Amino acid sequence: ITFALLATALSAGRARAAPPDGPVVIFLVDTLRPDRMSVYGGPHATTPAADRLAREAIVFEHAYSLSSWTLASVGTLFTSLLPAAAGTLDRNGKLDPAVATLPQLFHDRGWLTAAFVGNPNVSPTTGLARGFTVFEAVNSAETGYEGHPHARAIVDPAIRFVESQTSRHFFLYVHVLDPHLPFNLEPAYRTLFASGPAGRQPTEREALFLDYDRTIRQADDQFARLAAALRAKDFWDGATVVYTSDHGEEFYEHGGRGHGRTLYEEQIRVPLLVKLPAESGKSARRHDLVSLADVAPTLAGLHALPREASWIGSDLLAPLPERSLYFTEDLDGDRLFALRAGAKKLVVRLYPKLDERVFDLAGDADEKLGREIACGAAPPDDA
């Protein structure tokens, strides 16, 4: 059976059936690159809990954030809009009060909505707390950590929330920060994984990746605890669970470190695993281009919520239309956008220096061979 036929059957069956009787959980690991996750073939056992989730979930191999920093990308996750349309484009952004959000749609349906968050870009100040009945911001001052809080400090209250529920109708958003610089490892994780070939000190980049991989495992172990709490309450089988990130991270692939400055693959490709309720679907690996803008339409379609006419995303459980992905960045003086259609990707930097490059990701997955084209001119015929 082809995927198109399977998706059509799933969509038709879902239209006739009642919505799933189970919670919706989004677990977001900030700054998480899929190529460092064992579930995507990473070099270390960084995500055993996500590996287990993948056995009953759809794993999207080519999922993207539409921006490379948190406010813009979570704005898209919650609204299925480009950051500029949501009001979350730049450092001074705030969610447009007229824009509907995914938690608000569940809240309006009568569900309890709760968020446990460690990143201050997701907060009442930025408007991204709108729609949540319970919103708990966990910070390092409260927890006593130097730097951002460990995932454990964010998952602890999330587990208490799950344990207190008597109804299955709740929407839970958990946003942990462990892979975000500065790395903040618990003692048990500081020597995890091999440190490099015997007799040789790791390079700076190797050492960074080691600590990065350790933080991924630290976060994933907390997802395991949250999943166990859902199972203990008999919520897991009927739950819809999304495991994802807001953006990736550069480790000198293009001359820098961090995120929020470019739209290269290492900063915008994200993991996306979607576990459907037990009666709605099976595990699969998908290779089509998808984005965080697709999450809200997918969850809305599955749970019979109204679809907003302004949404740019698609329901991932229905046949996907032919489309391109559009990316945008406007952070602290760096302004650029990108357009991807198939394996071709156009990146335009507007400021501080005007530059246009075309990449063919089929033969240049690392984006090292991009051709510069004249600004304002048509790309070459074979671009």
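Which elements each supply at least two residues of the lining of the largest pocket? They are β2 (58-64) and α9 (265-268), with helices (H or I, at least four residues) and strands (E, at least two) taken as DSSP runs numbered from the N terminus. Before we look around, note that this is a predicted model, where local features need pLDDT of at least 70, side-chain atom pairs count only at pLDDT 80 or more, and totals for chains, interfaces and linings use all residues. Residues are numbered from 1 along each chain as its sequence is written, and side-chain values use heavy atoms, without hydrogens and water.

Let's start with the sheet. Its 8 strands form an open, mixed arrangement in the order β4-β3-β5-β1-β6-β9-β2-β10, where pairing takes at least two DSSP bridges between two strands. At the edges sit β4 (134-137) and β10 (284-291), each paired on one side only. Within this sheet, β3 (residues 112-117) runs parallel to β5 (residues 170-176) over 6 bridges, and Phe116 has Val174 in β5 as its bridge partner.

Now for the helices. Helix α7 (residues 151-164) packs on the sheet and touches β1, β3, β4 and β5, contact being heavy atoms within 4.5 Å. Helix α3 (residues 70-79) lies across β1 (24-29) and β5.

Back to the lining we began with: the residues there divide into 4 nonpolar, 1 polar and 9 charged, counting Ala, Val, Leu, Ile, Met, Phe, Trp, Tyr, Cys and Pro as nonpolar, Asp, Glu, Lys and Arg as charged, and the others, Gly among them, as polar.

Key:
Axes fitted to C-alpha atoms, helices over the stretch in contact; angles between N-to-C directions.
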